[in-house]
Amino acid sequence: MASYNIKINGKARAVEADADTPMLWVLRDELDMKGTKFGCGIGQCGACTVHLNGNAVRSCQIPVSAVGESDITTIEGLSEKGDHPLQEAWKEHDVPQCGYCQAGQIMNAAALLNKNSNPSYQEIEDATHGNICRCGTYNKIKAAISTAAEQL
Ligand code: FES
Ligand code: FES
């Protein structure tokens, strides 16, 4: 076990963990931040997506010892009141079904819009195809991202 000071959603958080503990476990089990979901645990589904310095990463694949001074943003920190344009668009399009993949989908989409506020359909397709939704909400996800981009 070692001590780490990690910046999550703008706040310093102290955690005790083994160096190879994935950030996903730190978030969910140590810090009780359950918005980030465990899907596959092997980097394949995107349910655990958070931002590391604004980039979408799979928190099941990031050891706590690799975070250092980087800024982590989770779904809890995307917006204070849950009113990020993507979250509003998600409601407008009634995107989620079971909801399990959706925090990861939104964080992935937010990283796209951080870099490209006016993505083409193909750019949205390319950016989102790695996030798996077993309920098949893909068309609504892409429509909601387009709507959110219009607000930016
Ligand atoms: S839980 Fe991390 S990619 Fe599936
Ligand atoms: S909404 Fe059910 S897995 Fe995506």
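## Exercises on a predicted fold

By the sulfur–sulfur distance rule (a disulfide is a pair of cysteine sulfur atoms within 2.5 Å), the count of disulfides here is zero. The model is predicted, so local features need pLDDT of at least 70 and side-chain atom pairs count only at pLDDT 80 or more, while totals for chains, interfaces and linings use all residues. Residues are numbered from 1 along each chain as its sequence is written, chains are lettered from A and ligands numbered from 1 in the order in which they are written, and side-chain values use heavy atoms, with hydrogens and water left out.

**Exercise 1. Find Cys 60 and Cys 133 and state whether they are buried or exposed.**

Step 1. Set the scale: buried means under 20% relative accessible area, exposed over 50%, and partly exposed in between, with a 1.4 Å probe and protein chains only.

Step 2. Cys 60 has a relative accessible area of 9%, so Cys 60 is buried.

Step 3. Cys 133 comes to 6%, so Cys 133 is buried.

**Exercise 2. Work out the strand order of the sheet, and name its edge strands.**

Step 1. Helices (H or I, at least four residues) and strands (E, at least two) are DSSP runs, numbered from the N terminus. Two strands pair if DSSP finds at least two bridges between them.

Step 2. Start with β1 and β2: they run antiparallel and are joined by seven bridges. One pair to look for is Asn 5 with its bridge partner Ala 14 in β2. Two residues lie between the strands of this hairpin, where Asn 9 has a positive phi near 50°.

Step 3. Now take β1 and β5, which are parallel and share two bridges. Here Ile 8 faces Ile 72 of β5.

Step 4. Put together, the five strands form an open sheet in the order β2-β1-β5-β3-β4, with mixed pairing. Its edge strands are β2 and β4 (55-58), each pairing on one side only. From one strand to the next, the twist averages 45°.

**Exercise 3. Describe how α1 and α3 pack on the sheet.**

Step 1. Use these rules: contact means heavy atoms within 4.5 Å; axes are lines fitted to C-alpha atoms, for helices over the stretch in contact, and angles run from 0 to 180 degrees between N-to-C directions.

Step 2. Helix α1 touches β1, β2, β3 and β5, and its direction makes about 100° with that of β2.

Step 3. Helix α3 (residues 102-115) touches β3, β4 and β5, and its direction makes about 35° with that of β3.

Step 4. Return to α1 (residues 23-30), whose buried residues are Met 23, Leu 24, Val 26, Leu 27 and Arg 28. Their cover includes β1 (2-8), β2 (11-17), β3 (49-52) and β5 (71-73). After α1 comes Asp 32, with a positive phi near 55°.

**Exercise 4. Place Ser 79 and list what it touches.**

Step 1. Ser 79 sits in the loop between β5 and α2 (85-92). Its relative accessible area is 13%, so Ser 79 is buried.

Step 2. Setting aside neighbours within four places in sequence, Ser 79 contacts His 84 and Gln 87.

Step 3. The side chains of Ser 79 and Gln 87 make a polar contact of 2.7 Å (a pair of N or O atoms within 3.5 Å; within protein, one must be able to donate a hydrogen and the other to accept it, and residues adjacent in sequence count only if both atoms are side-chain atoms).
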